[in-house]
Amino acid sequence: MSHTASKIHADKAAIFCKDEDRVNWHSKALWLLREKRDRAASSLPEWEQLRQLGSEIKLHTLTNLAKYLEMFEQNCQANGIQVHWAKDAAEHNEIVHGILSHHQVKKLVKSKSMLTEECHMNPYLEERGIEVIDTDLGERIIQLAGQPPSHIVVPAIHLKKEEVGELFHEKIGTEAGASDPTYLTRAARAHLREQFLSADAAMTGVNMAIAEKGAVVVCTNEGNADMGANLPKVQIHSMGMDKMVPNLDSAAVLLRMLARNATGQPVTTYSSFYRGPKAGGEMHVVIVDNGRSNMLKDKILAESLKCIRCGGCMNTCPVYRRSGGHSYNYTIPGPIGIAVGAQKDDTNSIAWACTLCGSCTQVCPTKVPLDKIIHHHRRLKAEAGNLPYGKRSYMPVVGKVMGSAPMLNTSMAMARTALRILPGSLLKPFAGAWGKYRELPVAPKSSFEAWYKKNRS
Amino acid sequence: MSSKSFILKALEQTAIAPQPMPEINVAPRVDDLIGQFETNLNTVAGVLHRAGSLDLVQEKVNTLVAEGKQVISLVDGINANRETPEDQHDLKDIDFAVIPGELAVAENGAIWVKQPEGHRVTPFICENLLLVVEADNVVANMHQAVKKLTLDSGKFGAFIAGPSKTADIEQALVVGAHGACSLNVYLV
């Protein structure tokens, strides 16, 4: 994707939008996932019951998180698992590096983990002489391309098969001009098998951590997490502390929704439960805070930690589908990316990368009130005096005008007259960015207030 | 202060009021469990054989061995031509692995495979997977499955639903990513 000096969402989205065909193709590819999700959800009569349960289980766990984290640690230790606690990204990376350097690890095979992306772990380890191989096909593609993921479930959704073919030709020696997904996948299988067989350690993210059992659950379709974790001596699982659930029954509820809501599959191909290291091996779990306990201090932001990272909100989001995952100034894009990333956004723009249409909230399997959280972020930004670009100067004026009936009526009357008598070319500049891809409206004859007085009062 | 204490202390300031754990009571659909399982297994690109007994599985293994395939069996009573090696890396040329499944889940076609004898990586590193499940062990949904499965301390287990697959290149479904390229399930 093109690079820009600006990190502002609208600027980066504008670059993505330059290629109209790609935008349409991107939007359709994600909508297809949304349609599959709808079919999967509606095929279960208990879908809404599961969503309610999912929401309540996660809320219960979050409100008792300290208790469950300690129970989890204790049970893990009883199962022979070593548990580490990291308050931030830097500490997470140090812990992982400590384990790897203790075992003189030269090559690490990694399964998809948005947390390690959040912690910028790959460059940290690479600078210290450790080769990190992303093994999820989508992740491997973007790693070879030198890009961050643009989606949390389908990280290379923004690339076309011809582009992948060209990249693979250059990096792993596939035939020039080849673009058949089966051929390219087979080539990646062979290439990555060598990596699995020669790695010294493996790392995965965690989909659920089960307090009562002292076990972690890892879900993939490709089997890369299991090929990784079960071959080398050392396995490391990196988990955000919000991944906790009390017991197996809770995990069952979430597992029924995760894949259905992500890609429309009834369940991921592999849902693996690790309750201890393999014979002669070591298993480590790193529990990471990195701002999560801070979010729990705000009762609206806290609900964003109910998220199980299915990516369903991205697939339905009209803004995400037309601006691409790289336009968000955060590792995680889309509605959930705004919910968990807006506080860290130094451009103060991503909270506005949303129409507040609420579709994300409707599809969320754990009922994260995403639109409410995003709206709340805007308020927090305004209160902190961090409104983006023009908004700081004109929003107070808009507020005054809209707060006064005579001022609003007068200005609307002026606008109706202007729209009728002045040419569009003269008025369009006043519409700013709004008018860029839209025609000006046809002015109604009178105000709604006048119409209402005449017809209804 | 250790990071653990730092985190636990920070959690004392959580703003949301304590919520009770909900009761999980979802009605299972129990009509034609095997039919439901077969439909969902097909959806995830697996194939069901209503074998009835181990004889059919042994017959299949014999055919594969005769074709020169490398076959390992972890199912009692099924004989193949490869033994479990000392080093798990030596499983890399296994063409077929025959492994017992403890439970099959009707609602999604998944089979619970508990830690196999030998090496954990066996069901994932083989090119093709044959799972053997007793017909009485088909349960309606995941809620029932987690109540029945065993996951002992220090062990591993996985729900396996079909062969490995990916759709990371332009959403085109390709069967056979890093794990097994095909899955055949034998109900006995």
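The following exchange asks how certain labels in this predicted model are earned.

Biologist: What makes the largest cavity a cavity rather than a pocket?
Modeller: A cavity is a set of points where a 1.4 Å probe fits but cannot get out, whereas a pocket is an open set. The structure holds 3 cavities of 30 Å³ or more, and about 90 Å³ of space lies in the largest cavity.

Biologist: Which residues line the largest cavity?
Modeller: Its lining includes Cys307(A), Cys310(A), Cys313(A), Ile336(A), Cys364(A) and Leu370(A). Arg309(A), Gly311(A) and Gly312(A) are also among the lining residues.

Biologist: Why do Gly311(A) and Gly312(A) count as polar there?
Modeller: The class scheme puts Gly among the polar residues and Arg among the charged ones, so Gly311(A) and Gly312(A) are polar and Arg309(A) is charged. By class, that lining has 9 nonpolar, 2 polar and 1 charged residues.

Biologist: How many charged residues are in the lining of the second largest cavity?
Modeller: There are no charged residues in that lining, which has 11 nonpolar and 2 polar residues. The second largest cavity holds about 70 Å³ of space. Of its 13 lining residues, Cys317(A), Pro335(A), Cys354(A), Cys357(A) and Cys360(A) are the closest to its centre. Cys counts as nonpolar in this scheme, as does Pro, so these five residues fall in the nonpolar class.

Biologist: What is the volume of the largest pocket, and which helix gives the most to its lining?
Modeller: The largest pocket has a volume of about 1300 Å³. Of the 30 residues that line this pocket, the closest to its centre are Ala10(A), Ala433(A), Trp434(A), Tyr437(A) and Arg438(A). H1(A) gives the most to the lining, with 6 residues. By class, the lining has 17 nonpolar, 6 polar and 7 charged residues.

Biologist: Why are E8 of chain A and E7 of chain B called edge strands?
Modeller: The open sheet has 8 strands in the order E8(A)-E5(A)-E6(A)-E9(A)-E8(B)-E5(B)-E4(B)-E7(B). E8 (244–245) of chain A and E7 (138–139) of chain B each have a single partner strand, so one side of each is left without a neighbour in the sheet.

Biologist: How do you know that E4 and E5 of chain B are paired?
Modeller: Pairing needs at least two bridges, and 2 bridges join E4 (residues 103–105) of chain B to E5 (residues 111–114) of chain B, so the two strands pair. These strands run antiparallel, and Ala104(B) stands opposite Ile111(B) in E5(B).

Key
Residues numbered from 1 in each chain as written. Chains lettered and ligands numbered in written order. Predicted model: local features only at pLDDT ≥ 70, side-chain atom pairs only at ≥ 80, totals over all residues. Heavy atoms only, no water. 1 Å grid on protein atoms, 1.4 Å probe; cavity = no way out; pocket = protein on both sides within 12 Å on 5 of 7 lines; lining within 4 Å. Points joined across faces, edges and corners; volume = space filled by probe spheres on them. Helix = DSSP H or I, 4+ residues; strand = E, 2+ residues; numbered from the N terminus.
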